[in-house]
Every structure is written in C-alpha cells, then in structure tokens.
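Good morning, everyone, and thank you for making time for this short talk. Please have the sequence and the picture open in front of you while I speak.

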Amino acid sequence: MDFRKRFLSGLLAVCFAFALAACGVSGVNHDLEDGTYLVEILLEGGSGRSHIQSPAELTVQDGAMSVTLVWSSANYDYMVVAGKTFFPVTLTPGSTFCIPVEKLGERFSVSADTTAMSTPHEIEYTLTVFAPGESAGEVEPTESTAASAPAVEGAVSQMLIYDHSMELHAAQGFSVDYYKDGYALLTIKQDSSRFLLIPQEKETPADLAEDVTPLRLPLQNVYLAASAVMDMFISLDALDTLAFSGTKEEGWYLPEAREAMAQGRIRYAGSYSAPDYEQIRAAGCALAIESTMIYHTPEVKEQLERFGIPVLVDRSSYESSPLGRVEWVKVYGLLTGKNAEAEAAFSEQQRIFDDIAQAEKNGKTVAFFYISSSGAVNVRRTSDYIPGMIEMAGGVYLPRDTGGDGASGSATFSMQMESFYAEARDADFLIYNSTIEGQLYSLDDLISKDSLLANFKAVKDGTVFCTTQNIYQSSMELGLLASDFSRILSGSRDGLNYLYPLE
C-alpha cells in the first residue's frame, strides 16, 4: 500500500465514527465480521458524466458499516445522506466521502452538491452498496432514477427527461445530452454556451433556463463565418443549410464552396468583423457560426444576438487531438439532422488515424513553421494538433520549447530566427506552412526569407516540404495530412495530398 493509500485509510478511520454517529446507525442487517472489504457500488442518476470508483472500501466496526466513496470529480463539496450532511475528507484523487450504509444490496437515496457549473447544484442520486462478492451488474437501473437528475444538474428544464449522452472518442470541447421526445442539449465547454435543439413539432419548454439558447430544427439560412467548418458541412452534404458565408468566393479553396457561391446558393454577407446585418436579418438567419476571431469584435456578437440571431462559436481548432478536431463534425451533424453522415465521416477519419498510429516510430525530427513579414518565426505549440499528427506519424516535433502549453488560447508561438536556428537547425525535415504568407516553390524561395536557413540540415539534405494553402479549410481530411507526414518520414515523396517538396 503506497503512502497516499495509507494516509487515506488513516483519515477515513478517524471520520468513520463521526459518520455513524451523525446518522445514528447502530446496527444493520448483515453477517460480516469487523474489518475492511472491497465491494461494488452502483450509482444511478445525474447526467452520467460523473461516477464513483468501484470497487470501494466498506468498513465494518462494532457491527455498523461505512463506505468510502471516491468521485471522479473533485467538484463535490458535500453530500446529504438520511438528512445529514457530510463533507469530503479529501479532494484527491476526487471528492472523497465516508458515509454510513444501513443495508447491503438495497438502493438508498443521497444527494451531492457540485460546484462544477456556474452556480452550485444539489443533485439527487441513488446508491446501491453490494455485499462482498456480489456484482452490480445484477441490478437494472430504474427509469425514474436514471432520468430524474439531469434536468436539475444542467438546470435546463424540469419538463425534459434525460435519456443518454453522446459518446465521444476524442473531442473535449463539447458535449451532447439527449432527452426524451427528440430534444438535445449541445454544450460548448470553453465558453459554457448551451443550445437546446427542439424538433420541429415540439414546443419550447416554458421553464427553459435563461442561459440556454433554443434552436428549432431544421436550421435554415445559416451564416457561416468560421471557414474551417465549411468542409464539415460539405462532408455532411448539408450545404443547403447555409445561406451566407463570411468568406468571398475567391477566398475558398474548396471547390464545393466556390461552386455554391458562384451559383448564388450561398451569398457573401460580410466578414466576421463586419457582417451585413440587414441581409442576414431579412433572410431569417437561424444561426451564425463564428470562429474565435469574433472575440476580437465582441460588439458584433452582441449585435447579432440583439437582432435575435443566435451565435455559436466553433472551438474545433482548440482540440489538442487531431481526431478531436474532426469529431466536431458531430456538432454540425446534430444541427443539420445529418447524424448518420457525421458518424460515417468521423469513422473514416478515425480509421485513417488508427492505421497511421501503427506506423514505425523512427524518431525523425520535424520542424513546422513559417516566417512572418516582420522576420519572426511562427511555430505551432507542442500541445497543438499539428505536432500531435507529426508525433502520431512516428516523428518528433521541433522546437520543443514553444513558450508553454497554449493556456493563453493561442495555438502558435513566435520566436526570433536565432532561437529557431538553435532549436531546429539539425531537424531531419522542414515543413513550411504556406497558409499565412503564401506558398513557396523552391529552396531559393525559402532561403530568401532568411539566409540563415541555408545552414539547416534539412535544406542541405533536400528534405524540405511546403504545405498547400488549402489545408486549414480541408478540416475533414486531417487524416490525409497525417498520412503525408507518415509518408515523408518513411522517405517517400509519392502520393502526397497536402505537402510537396521544395527543390
């Protein structure tokens, strides 16, 4: 038993007597001898996001029982059992409580207060503590218990009955909770915005929480100002949902988007910072999808909302996992009624990434960068999805020191050429990011950016590549970009999709 376990066991022993005294438990129906046992725990209720570690420790002393509950979250600040309040004995590894148990194998009600949301919420749960050797799998959750708590926890509406949550494989930035009768709650975690998707034939709940934005399906006349999302709509065959673009026709590298704008099916309605409010309002725009650039002009977001146009800020680019970024297609599948198409598109990318993950890790080093007009070198932070794909493909990303983990919200980091040279001069591969400053066509083009680049190992070895300018708009083909990384790391130049060699 390690130190943490010894410490926790000692602390729980001290609180055991207080727990029993508080609830007045003096005797129970069991035949266990005094001691400590490992038992299974069944937790019912809540949204299903939090759970209790099972098996758990059951302590029997003088015939009375107490169980140690370790939550998956450290945000529970008290529990109520049989009308008595209990506080956590520790918050590591999660909120940990020592509570009395009267009978084994029988459900009993508890509540737990969470501080994870904007305001504390006391959530009702049902617990079953099983006798040693018995399995929690033998008991079916009750419908009333499983469905009652999420409306309280999420403060959405007491009229909605929780059903289940969307299973996510990699994305961390959003969640989806499904309710009975076709309702769904989309939560964007970084800004805590919540959207209730309402089926066409259903009513908006009368007691809908103030911070929840209702969106009636099917959505029509959407204004898309987040260019990285266009490829997701294309993959869903849902361009007919879009009426307006924040990018002009000539700004699109995606042929489907250019064609839709050329035919007038999607119209330019101003950039994210200067939308054509009159045009958008006149068309009955149901939703504006913005990138995080909108936070540079918060008055635009406020004005759109003042006109009754809900604003959803896409945060897919903030996913550290490339597959997590792709999984945001499920958000737009939900909004467009194309859930099956979204699952299929994600599964295809997941298959590609799974194949790449099997690639041999040869340890070749790769620097991914561009040089700004001021002469600074812009690189991706190591926590970004681009370095993640390079590592997945078997390489080692350089530079390693990128000024922290991106907690400030920026995925990029600028450094002086001298610092970049010290970090990446011996890199096996250089990849120039053309999306900001334009494409390069030769090694001379690269060296013209800074003569010091001529001394880099990759320039001397002829292992320098450039990206095509459409990689950031092709958000649903990240698997192909990762495949390109894998190919060049293995020494191949054939079959590349978004990279080409500089000679």
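I will go from the whole chain to one helix, then to the nonpolar cores, and finally to the salt bridges.

Before anything else, please keep in mind that what we are looking at is a predicted model, and that the values I quote are computed from it. The protein chain has 503 residues, and buried residues make up 50% of them. Its secondary structure comes to 15 helices and 26 strands, while its accessible surface is about 22,500 Å², with 48% of that belonging to carbon and sulfur atoms. If we take the contacts in the chain with a separation of 6 or more, 59% of them are between residues 24 or more positions apart.

Let me now turn to helix H12, which covers residues 417-424. Which residues of this helix are buried? They are Met417, Phe420 and Ala424, and when we look down the axis of H12 its buried residues fall within an arc of 60 degrees, so they line one face of the helix. The face turned away from that buried side carries Glu418 and Ala422, which are exposed. As for what the buried residues of H12 pack against, the partners are four strands, namely S20 (365-371), S21 (377-380), S22 (396-398) and S23 (412-415).

Phe420 comes up again when we consider the nonpolar cores. The largest of these has 97 residues, and Phe420 is one of the five that touch the most other members, together with Leu186, Met230, Tyr332 and Phe369. Apart from this core lies another one, of 26 residues, including Ile41, Met65, Leu104 and Val129. As a general remark, nonpolar side chains in soluble globular proteins tend to be buried together. To take one member of the largest core, Leu186, and to leave aside its neighbours within four places in sequence, its contacts include Phe174, Val176, Phe195, Leu197, Leu312, Val331 and Leu334, but Ser175, Ser193 and Arg194 are also among them.

That brings me to the salt bridges, and how many does the structure hold? There are 13, and I have picked out three of them.

In one of these, Glu44 pairs with Arg107, and the closest N and O atoms are 2.7 Å apart. This pair links distant parts of the chain, since Glu44 is in strand S2 (residues 41-44) and Arg107 is in strand S8 (residues 107-114), with their positions 63 residues apart in sequence. Glu44 is buried, at a relative accessible area of 3%, whereas Arg107, at 35%, is partly exposed.

Another salt bridge joins the side chains of Lys330 and Glu343, at 3.8 Å from N to O. Here Lys330 belongs to helix H9 (residues 329-336) and Glu343 to helix H10 (residues 339-357), and the two are 13 residues apart. Lys330 is buried, with a relative accessible area of 2%, while Glu343 counts as partly exposed at 37%. These two residues are also linked with Glu327 in a network of salt bridges.

The last one I will show is between Glu503 and Arg493, at 3.6 Å from N to O. Glu503 lies in the segment after strand S26 (499-501) and Arg493 in the loop between helix H15 (478-489) and S26, so the pair ties together parts that are ten residues apart in sequence. Glu503 counts as exposed, at 67% relative accessibility, and Arg493 as partly exposed, at 36%.

Thank you for listening.

Definitions and conventions:
Residues are numbered from 1 along each chain as its sequence is written. This is a predicted model: local features need pLDDT of at least 70, side-chain atom pairs count only at pLDDT 80 or more; totals for chains, interfaces and linings use all residues. Side-chain values use heavy atoms; hydrogens and water are left out. A salt bridge is a side-chain nitrogen of Lys or Arg within 4 Å of a carboxyl oxygen of Asp or Glu. Buried means under 20% relative accessible area, exposed over 50%, partly exposed in between (1.4 Å probe, protein chains only). Contact means heavy atoms within 4.5 Å. Accessible areas come from the Shrake-Rupley method with a 1.4 Å probe; for residues, only the protein chains shown count as cover. The arc is that of the directions from the helix axis to the C-beta atoms. A nonpolar core is a set of buried Ala, Val, Leu, Ile, Met, Phe, Trp, Tyr and Cys residues joined through side-chain atoms within 4.5 Å.
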